[in-house]
Amino acid sequence: MPENYDPMNDRNNNGYGQSSNMYNGGYDSSDQIYSYSNENNGNKPPKKHTFLKVCVCLLLLAGVGAGSIEGYKFLSETKRELAAYTGDSSSSKIERSAKPEKESSAVENIQAAEKQKEEKYEELPSLIELASRSDAKPVPDIVDEIMPSVVGVSSTFEYQYRQPSFSFWGFDTEPQTQQGKATGTGFIITSDGYIVTNSHVVYDESEYNAGKAIEVSVLFSDETEHSAKIIAYDRETDIAVLKVNETGLTPATLGDSDELRVGELVIAIGNPLGFDLFGSVTSGIVSALNRQISINEKNMTLIQTDAAINNGNSGGPLLNSCGQVVGINSAKMSSSYGSASVEGLGFAIPIKEAKTIIDDLINYNYVKGRPSIGISTVDVNESYSRYLNIPMGVYVRTVAEGSAAEQAGILEGDVIIGIEDKAITTVDELNSIKNQYKAGDTIKLTLSRNGTDVDVNVKLQEAHAASGGEEDNPLERDPDVSDN
């Protein structure tokens, strides 16, 4: 082969030398392509990248098609889910029929569960229904029935106080007499005008010590006012009976307080803060039964309720869910203890115990069978004990003529220091034990007389003390003296 052989100028090579030159590393790419094009296509202009363009177009078309299909599936799924949760029925029949069986079943289960949940909430009873008896009446019907039986009670009291005055001899205090009014609630128990209320509504034992009211009037639900007479009252149980000269009245229906259960619905009706709020209705539940509460130094067994009871509600009826009177609203507690205050603590006298008291007050003007010793007493506290050099106990001020005390030999000036072998220091302790017995029973009292202890046996008599009749002038009464 000639040394100056140039394969690019070899016309007879037909381009085969090009192939060996490519892989041997000495070719010029631009010359190679140009020479190849001239040799195979003559003078036509070159078509650049045609195959690549076609491939790109096909790929784009395939992507658009796939994306459209996936987008359609996504929109369809979203539409069906929205229809399932919103209850939309606008989906076409073709789409409904095209749903997979599993998806259709899941949607139906969700709808059924939601429907069952709604029905369950609709069936839940209210708190009033849960707290009411099986034979309960609607509360508005109960109020309509009882309201003609509810009255307002207005009492006029006369009390004495001392007002400082200046005279030639200097300052002095002269007793002054003044009148005041108090209001409460009551309810009619007979068609001929007997009315029940609290004793403290017609008999004042507050710091004024006014005693029995000098005048009482009642206001009916039809806004007519009538004068009332105090038939009798019992301070121990805080019950009083009044009478108006009217007939054809609507009496309240009395129930049985022994049937009450804790948590049961009760309704209170009264006149809180006076007659401007006459016939106010409140409701609550029985919070507790047989509560031992001390009111005005008297131990009482009461019904506790969270129905709102305020000043002026005293003597009003406490009703069960059948509209029967089961209690007489008597007191509330709202005192503050330290940093905490108490609310929702109302108390009522059970009507079963009150019935016996009411009957006795109407028929006898006092409570039958209540034991009496026949003495008036005052407590000897620690200060009096040291000053008078006598033991702490119950000092006997007076002995009633013909009483059990006189028959047993009790004398004025004796100090009762024990009853039934139990030491006592106050009249409350004495009465607490004495009232466990009845008239005709015999009890043992231990007395301190001139420094010597003496035991006496006392046969208790029935207390006939007037509880509504004529009394001594209340202005001259000593609030520290107790009758026993």
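## A predicted chain with a six-stranded barrel

The chain has 12 helices and 25 strands. The model is predicted. Of the 484 residues in the chain, 35% are buried. The accessible surface amounts to about 30,000 Å², and carbon and sulfur atoms hold 50% of that surface. Among contacts in the chain with a separation of 6 or more, 61% are between residues 24 or more positions apart.

**The barrel**

Six strands form a closed barrel in the order 9-10-11-16-13-12, and their pairing is antiparallel. From one strand to the next, the twist averages 50°. Strands of a sheet pair through backbone hydrogen bonds, in either a parallel or an antiparallel sense.

Three of the pairings in this barrel are set out below.

| Strand pair | Direction | Bridges | Facing residues |
|---|---|---|---|
| Strand 9 (residues 265-270) and strand 10 (residues 280-295) | antiparallel | six | alanine 268 and threonine 282 |
| Strand 9 (residues 265-270) and strand 12 (residues 317-319) | antiparallel | two | alanine 268 and leucine 318 |
| Strand 13 (residues 325-333) and strand 16 (residues 345-350) | antiparallel | six | asparagine 329 and alanine 348 |

Strand 9 thus has partners in strand 10 and in strand 12. Alanine 268 takes part in both pairings: it stands opposite threonine 282 in strand 10, and its bridge partner in strand 12 is leucine 318.

How many residues of strand 9 are buried? Six of the six are buried, so strand 9 is largely enclosed by the rest of the structure. In a regular strand, side chains alternate between the two faces of the sheet. In strand 9, Leu265, Ile267 and Ile269 point one way, while Val266, Ala268 and Gly270 point the other way; all are buried.

Strand 13 and strand 16 run antiparallel and are joined by six bridges. Asparagine 329 stands opposite alanine 348 in strand 16. Helix 9 (residues 351-364) packs on the sheet and touches both strand 13 and strand 16. The direction of helix 9 makes about 50° with that of strand 16.

**Two aspartates with positive phi**

Most residues other than glycine have a negative phi. Aspartate 238 is not a glycine, yet its phi is positive, at about 60°. Aspartate 421 also is not a glycine, and its phi is positive, at about 65°.

Each of these aspartates is in a loop between two strands. Aspartate 238 is placed between strand 7 (225-234) and strand 8 (239-243). Aspartate 421 lies between strand 20 (415-419) and strand 21 (422-423).

Which of the two words, buried or exposed, applies to aspartate 238? Aspartate 238 has a relative accessible area of 8%, so it counts as buried, the cut-off being under 20%. Aspartate 421 has a relative accessible area of 62%, so it counts as exposed, the cut-off being over 50%.

**A nonpolar patch on the surface**

Which residues make the nonpolar surface patch of about 410 Å²? The patch is made by Tyr384, Tyr387 and Leu388. Tyrosine 384 is placed in helix 10 (residues 382-388). With a relative accessible area of 47%, tyrosine 384 is partly exposed. In contrast to this surface patch, strand 9 of the barrel is largely enclosed by the rest of the structure.

Methods:
Residues numbered from 1 in each chain as written. Predicted model: local features only at pLDDT ≥ 70, side-chain atom pairs only at ≥ 80, totals over all residues. Heavy atoms only, no water. Pairing = 2+ DSSP bridges. Helix = DSSP H or I, 4+ residues; strand = E, 2+ residues; numbered from the N terminus. Axes fitted to C-alpha atoms, helices over the stretch in contact; angles between N-to-C directions. Contact = heavy atoms within 4.5 Å. Buried < 20%, exposed > 50% of the residue type's maximum accessible area, 1.4 Å probe, protein only. Patch = residues over 30% accessible without salt bridge, like charges linked within 9 Å, V, L, I, M, F, W, Y side chains within 5 Å. Areas by Shrake-Rupley, 256 points an atom, 1.4 Å probe, with all protein chains shown as cover. Salt bridge = Lys/Arg side-chain N within 4 Å of Asp/Glu carboxyl O.
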